[in-house]
Amino acid sequence: MTTNASFLCESCGYRSPKWMGFCPQCGSSTPLTETAPTRARVSSPPLVVGIDTAATTTSQRVVTGWGEVDRVLGGGLVPGSAILLGGEPGVGKSTLLLQLAGGLAARGERVLMATAEESVDQVALRATRLGVTAPGIDLIAVDDVDVVVEAAERSRPTLLVVDSIQAVGVGEIPSAPGGVSQVRESAARLIRLAKTTGVSLVLVGHVTKEGGLAGPKVLEHMVDVVLYLEGDPDRGFRVLRSNKNRFGATHVSGMFDMGSAGLSEVEDPSKLFLEGWESEVAGTVVYPAIEGRRCVLVEIQALVAPTTQTQPRRSIRGLDPARVNQVVAVLHRHAGLPLHDAEIYVNVVGGWRLDEPGCDLAVALTLASSALNLPMGRLAVWGEVGLAGEVRSIPMEARRVEELDRMGLQRRIAPGGGEPMRLAEALIRAGLG
Ligand code: TYD
Ligand code: MG
């Protein structure tokens with residue numbers, strides 16, 4: 001397959017058939033660079049394989065020994081798979097991978113860590129601090145992808161880590177590492193190595209707050225698994241989430257706590273969240289979220305502050321801003337609570353992200369609780385808020401109730417199975433009416 005478009009924007013990957021002095025897609029003022037017509041580069045070896053034998057490869061997973069990571073991967077590392085680990089700088093990607101390498105090494109597996117961002121000494125020092133001392137981890141500090149490929153071909157480790165894909169490059173491409181063509185070609189060569197040798201590959205990709213166009217985004221379609229490590233800037237919580245997984249379920253989360261000895265697994269997130277929960281202040285409530293197949297009790301916080309600004313600030317973390325805005329509008333229209341002239345902050349504690357509309361009612365009640373400065377106490381809330389001010393029941397209620405029972409949270413507000421509840425009624429039941 002060839003494409004005719006042969007001019008490329010190095011910052012966003014836009015392609016054009018003709019040269020331009022700027023990028024019409026991302027607005028970058030760097031001129032497009034000429035590239036040779038490309039062939040689809042990640043070509044699998046032309047082997048015909050019986051479907052029955054092919055299926056056994058994915059079942060031979062290598063267990064890392066890190067339960068949260070194995071769960072997010074769908075049961076361990078699949079040989080020959082390519083994994084992209086994205087996350088903001090400093091979130092803990094290198095730390096997680098070093099500890100993961102330690103887990104594998106302790107189980108007798110070999111790991112090759114190619115580090116282009118840190119020196120071998122720096123990595124070794126951190127390994128000592130983290131107690132990663134088992135033999136079986138090899139380090140190579142180099143930014144030339146072909147050197148990494150050669151080293152991995154020779155040593156055939158179980159896992160090859162490349163930290164980071166933005167810091168490595170290939171000699172034939174003149175542009176500096178980090179640009180789209182370098183990132184793509186480097187990844188293509190490493191993925192080809194993984195597919196032909198059965199070495200599992202993890203590529204580290206930095207994401208910037210703006211979304212990091214030249215980084216991991218351009219690789220998502222090339223790899224088998226896309227993981228993101230996200231964190232709560234205020235606390236040590238880290239969430240590892242699968243956004244894509246050819247060998248398992250997506251939107252499975254693993255949870256970690258960053259401490260002085262690196263990351264530790266959080267096996268009972270509900271317990272951890274509830275321990276730090278100050279339920280006696282206004283603007284907080286618990287929502288029983290469904291993550292993958294399990295239920296996790298997460299705290300939703302809101303702060304509503306009056307302002308004279310004509311465009312009051314709205315800061316929303318861990319939730320879909322459009323849904324929060326809708327809840328704000330419904331509160332105004334159907335519960336008589338105008339918030340349009342107030343600053344609004346809504347936050348899911350712990351760096352957790354909620355994609356379910358089922359948390360609408362929890363958002364509505366925390367907003368009202370903060371606006372009225374009335375605490376709700378130890379209360380759990382769920383339900384989807386509709387435009388007409390009705391609150392509907394949501395799926396997997398039994399699973400949520402079970403988790404609330406386990407954690408001893410008996411006060412709950414949620415619509416029953418049949419008739420939807422009115423938002424105004426929910427406010428009254430929460431002591432906010
Ligand atoms: P790092 O893994 O280098 O992040 P990334 O590779 O994603 O850029 O993690 C760096 C941060 O983690 C740094 O702010 C310090 C913190 N940290 C700890 O709190 N405890 C530890 O034991 C380690 C190794 C790092
Ligand atoms: Mg790093």
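**View 1. The shell around ligand 1 mixes nonpolar, polar and charged residues.** In this predicted model, the shell divides into 5 nonpolar, 7 polar and 4 charged residues. Altogether, 16 residues surround ligand 1. If you would like a few to look for, begin with the closest: Gly 90, Ser 94, Thr 95, Gly 259 and Gly 262.

**View 2. Helices and a strand contribute to the shell around ligand 1.** Here you can follow α3 (93-106), α4 (120-129) and β11 (253-259), each of which supplies at least two residues of this shell. Which element gives the most? That is α3, with 3 residues.

**View 3. Oxygen atoms of ligand 1 lie beside polar atoms of Val 91, Gly 92 and Arg 126.** Start with the backbone: a polar backbone atom of Val 91 is 3.4 Å from an oxygen atom of ligand 1. At Gly 92, a backbone N or O atom lies 3.0 Å from an oxygen atom of the ligand. Arg 126 takes part through its side chain, with a polar atom 3.2 Å from an oxygen atom of ligand 1. How much of the ligand does the protein cover? On its own, ligand 1 has 560 Å² of accessible area, and the protein covers 72% of that.

**View 4. The largest pocket holds about 800 Å³ of space.** Its lining is made up of 32 residues, and the closest to the pocket centre are Glu 88, Leu 229, Glu 230, Gly 231 and Arg 353. By class, the lining has 11 nonpolar, 10 polar and 11 charged residues. Domain 2 (67-267) and domain 3 (271-429) each provide at least three of the lining residues.

**View 5. Several strands help to line the largest pocket.** Look for β4 (82-87), β9 (225-231), β10 (237-245), β15 (314-317) and β16 (342-348): each supplies at least two lining residues. The element that gives the most is β9, with 4 residues.

**View 6. Asp 163 and Ser 164 are joined by a cis peptide bond.** Omega is about 0° at this bond. To find your place, note that Ser 164 lies in the loop between β7 (159-163) and α6 (180-197). Why pause here? Most peptide bonds are trans.

**View 7. Arg 156 has a positive phi.** The angle is about 45°, although Arg 156 is not a glycine. Most residues other than glycine have a negative phi. You will find Arg 156 in the loop between α5 (145-155) and β7.

Conventions: Residues are numbered from 1 along each chain as its sequence is written. Chains are lettered from A and ligands numbered from 1 in the order in which they are written. This is a predicted model: local features need pLDDT of at least 70, side-chain atom pairs count only at pLDDT 80 or more; totals for chains, interfaces and linings use all residues. Side-chain values use heavy atoms; hydrogens and water are left out. On a 1 Å grid over the protein atoms alone, a cavity is a set of points where a 1.4 Å probe fits but cannot get out, and a pocket is an open set with protein on both sides within 12 Å along at least five of seven lines; lining residues have an atom within 4 Å of a point. Grid points are joined across faces, edges and corners, and a volume is the space filled by probe spheres set on the points. Ala, Val, Leu, Ile, Met, Phe, Trp, Tyr, Cys and Pro count as nonpolar, Asp, Glu, Lys and Arg as charged, and the others, Gly among them, as polar. Domain bounds come from an automatic or database domain assignment. A residue is near a molecule or strand if one of its heavy atoms lies within 4 Å of it. A polar contact is a pair of N or O atoms within 3.5 Å; within protein, one must be able to donate a hydrogen and the other to accept it, and residues adjacent in sequence count only if both atoms are side-chain atoms. Accessible areas come from the Shrake-Rupley method with a 1.4 Å probe; for residues, only the protein chains shown count as cover.
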